[in-house]
Amino acid sequence: YQLLTGKGLNWGGSLARTEATGYGAVYFAEQMLNARGENFNGKTAVVSGAGNVAIYAIEKLQSLGAKAVTCSDSSGFVYDPDGIDVDLLKEIKEVKRERIVKYAEARPNATFTPAGGEKTVWSVKADLAFPCATQNELDETDAETLVANGVLAVSEGANMPSTLGAIDVFLKAGVSFGPAKAANAGGVSVSGLEMTQNSIKLSWSAEEVDEKLKSIMKNIHEACVQYGTEADGYVNYVKGANVAGFMKVAKAMMAQGIV
């Protein structure tokens, strides 16, 4: 399964599959910002987690002009005002398999905050938030803190990381909130591209897969806007994603004569 060599794949699979969920969450956030007349330039982002989703969300954010300043694991979180060093993070978590405190020990301006205290990743002031760790990690209090600190957009990289209370806070505050069913669809989308490549016995380059992923996330965003735009112009991406999914199934059923 996805055995990689320096030139490509030995046993099928797809290049950029590992990066897909994190990259996709960032591409979705980029579309949400564009819809607000904004972009990543000069924006600060808080990211939770230190696995594939978080690492590659941080990597893509910083390649597009934003500065990700946090990451975390179950032991706590690190804050690096200079921006997370992705190569160091990969070495610590993917190679050495060490705890996140090792990152703070290696970076002079970084600080480590143990888990269990009042301060969390979401306490750090930022323009963007990417919950990429685990389910229900961002609650109503966290959401209120993010809103008070001026967050513009939240893009879920993990599966259902925000509680219902937190989502309600974001929607009421007019924050652009990308729910997981839309924002973290990059992983399953590239799984589909993976099956396509296996079927046609071809392997696309990482750049080709990444470009297709970006297009897919843009299309998902457009569907959310189509069905989620409120009368005042605010895009409720939760409603948009739900209705878009329903309509896709309903139209398919009607086309087949089931309804």
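**A buried aspartate, two cores and an open sheet**

D142 is buried, yet it forms no salt bridge: K119, the nearest side chain of opposite charge, lies 12 Å away. For a salt bridge, a side-chain nitrogen of Lys or Arg would have to lie within 4 Å of a carboxyl oxygen. The model in which this residue appears is a predicted one. D142 belongs to helix α5, which spans residues 140-148. Leaving aside residues up to four places away in sequence, D142 is in contact with T120, W122 and E137.

From this charged residue the description turns to the nonpolar interior. In soluble globular proteins, nonpolar side chains tend to be buried together. Here the largest nonpolar core comprises 49 residues, and L61 and F130 have the most contacts inside it. Helix α1, residues 20-35, supplies the largest share of this core, with nine residues. A second core, separate from that one, has 19 residues, including V124, V151, A166 and I167. Within the largest core, L61 merits a closer look. Not counting residues up to four places away in sequence, L61 touches V26, F40, A45, V47, A66, A68, L128 and F130.

Two of these contacts of L61, A45 and A68, also stand opposite each other, A68 being in strand β2. Strand β1, residues 44-47, runs parallel to β2, and two bridges join them. Both strands belong to an open sheet of five strands, ordered β2-β1-β6-β7-β8 with parallel pairing. At its edges are β2 (67-68) and β8 (176-178), each of which pairs on one side only. Helix α1 packs on this sheet, where it touches β6 (128-130), β7 (153-155) and β8. The direction of α1 makes an angle of about 155° with that of β7. Helix α1 thus appears in two settings, as a contributor of nine residues to the largest core and as a helix packed on the sheet.

A further pair of strands remains to be described. Strand β3 (residues 70-73) and strand β4 (residues 76-79) pair in the antiparallel sense over four bridges. A hairpin of two residues connects β3 to β4, and D73 has G76 of β4 as its bridge partner. In a regular strand the side chains alternate between the two faces of the sheet. In β3, T70 and S72 point one way, whereas C71 and D73 point the other way. All four of these residues are buried. D73, like D142, is thus a buried aspartate.

Terms used: Residues are numbered from 1 along each chain as its sequence is written. This is a predicted model: local features need pLDDT of at least 70, side-chain atom pairs count only at pLDDT 80 or more; totals for chains, interfaces and linings use all residues. Side-chain values use heavy atoms; hydrogens and water are left out. Buried means under 20% relative accessible area, exposed over 50%, partly exposed in between (1.4 Å probe, protein chains only). Two strands pair if DSSP finds at least two bridges between them. Lys and Arg count as positive and Asp and Glu as negative; His and the chain ends are not counted. Contact means heavy atoms within 4.5 Å. A nonpolar core is a set of buried Ala, Val, Leu, Ile, Met, Phe, Trp, Tyr and Cys residues joined through side-chain atoms within 4.5 Å. Axes are lines fitted to C-alpha atoms, for helices over the stretch in contact, and angles run from 0 to 180 degrees between N-to-C directions.
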